[in-house]
Amino acid sequence: HDQRTVVVVGEVNRGKSSLVNALVGVRGVSPVDVDVTTSATISLVPAGAEYPPGSADLVFPGAVRRIGFDEVADWVSTSGRHVADTQGEVLPTRAIVPVSSPHLQGLVVVDTPGSGGLDAVRAQLSVQSAQQAGVIVVVCDATSPLTAPEMEFIRTCTATVEAVIVVVTKTDKNLRRWKPIVDENRRLLRTHL
């Protein structure tokens with residue numbers, strides 16, 4: 001594909017999906033909740049003939065299934081109907097969701113499950129996605145500086161990308177602390193990477 005890929009990574013509950021929705025300019029295209037939400041990688045692609053609007057493709061080991069957009073959360077959210085059903089079928093590793101947005105021309109934005117506090121399978125999905133990125137956006141929040149796992153993730157996954165952007169979210173909830181956190185993140189990145 002001639003499209004550039006931006007992969008959004010970070011630990012759980014950092015605001016990755018909210019940031020992704022803001023980047024593509026469409027609210028709710030990537031499911032958001034106050035709890036751990038994303039259980040599979042979500043690739044937001046420009047809508048078109050290959051990926052018509054209002055649909056989504058679920059990628060399973062060895063198969064792809066087209067569904068309606070309104071079913072996506074049931075398959076890729078930790079509280080989704082199919083994900084919560086422990087007796088259910090195999091779950092997708094990725095959803096490809098077409099988005100009609102001028103912000104996605106020539107671009108794919110990938111929302112990954114949180115790494116760090118999640119199980120090894122979800123963390124591995126984030127690593128695999130990051131290895132295919134042209135740009136990695138590492139999301140941390142304004143409650144604390146970059147953690148050791150976040151720093152290691154940056155070190156591991158960024159050797160082959162064009163750019164790494166560190167984004168600090170939730171500044172509105174930490175009005176007095178976010179600037180010192182950003183300064184500390186800069187210091188950590190300069191010192192250790």
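Start by selecting Gly25: just after helix α1, this residue takes a positive phi of about 75°. Keep in mind as you click around that this is a predicted model.

Now step back into α1 itself, residues 16-24. Colour Lys16, Ser17, Leu19, Val20, Asn21 and Val24, which are the buried residues of this helix. What do they pack against? Show β1 (4-10), β2, β6, β7 (135-141) and β8 (163-169), and you have the strands that the buried residues of α1 pack against.

Next stop: β2, residues 41-46. Is this strand largely enclosed or not? Five of its six residues are buried, so the rest of the structure largely encloses β2. Bring up its partners on screen:

- Strand β5 (residues 94-99) runs parallel to β2, and six bridges join the two. Pick Val45 and look across to Pro98 in β5, which stands opposite.
- Strand β6 (residues 107-111) pairs with β2 in the antiparallel sense, over three bridges. Here, select Leu44 and find its bridge partner, Val109.

While you have a strand up in sticks, a general point: in a regular strand the side chains alternate between the two faces of the sheet.

Move along to Lys170, in the loop between β8 and α6. This residue has a positive phi of about 65° although it is not a glycine. Buried, exposed or partly exposed? The relative accessible area of Lys170 is 29%, and because that falls between the 20% and 50% cut-offs, the residue counts as partly exposed.

From that loop, carry on into helix α6, residues 178-192, and select Asn185. Its relative accessibility is just 3%, so Asn185 counts as buried. Which residues does Asn185 touch? Leaving aside residues up to four places away in sequence, the list is Cys140, Pro145, Leu146 and Val168. Cys140 falls within the range of β7, and Val168 within that of β8.

Finally, zoom out and switch to cartoon. The protein chain has six helices and eight strands. Trace it along the sequence and the pattern reads β-α-β-β-β-α-α-β-β-α-β-α-β-α. Try a burial colouring too: buried residues make up 47% of the 193 residues. If you draw a contact map, take the contacts between residues at least 6 apart in sequence; 72% of these join residues at least 24 apart. Last, turn on the surface: the chain exposes about 10,000 Å², with carbon and sulfur atoms supplying 52% of it.

Key: Residues are numbered from 1 along each chain as its sequence is written. This is a predicted model: local features need pLDDT of at least 70, side-chain atom pairs count only at pLDDT 80 or more; totals for chains, interfaces and linings use all residues. Side-chain values use heavy atoms; hydrogens and water are left out. Helices (H or I, at least four residues) and strands (E, at least two) are DSSP runs, numbered from the N terminus. Buried means under 20% relative accessible area, exposed over 50%, partly exposed in between (1.4 Å probe, protein chains only). Contact means heavy atoms within 4.5 Å. Two strands pair if DSSP finds at least two bridges between them. Accessible areas come from the Shrake-Rupley method with a 1.4 Å probe; for residues, only the protein chains shown count as cover.
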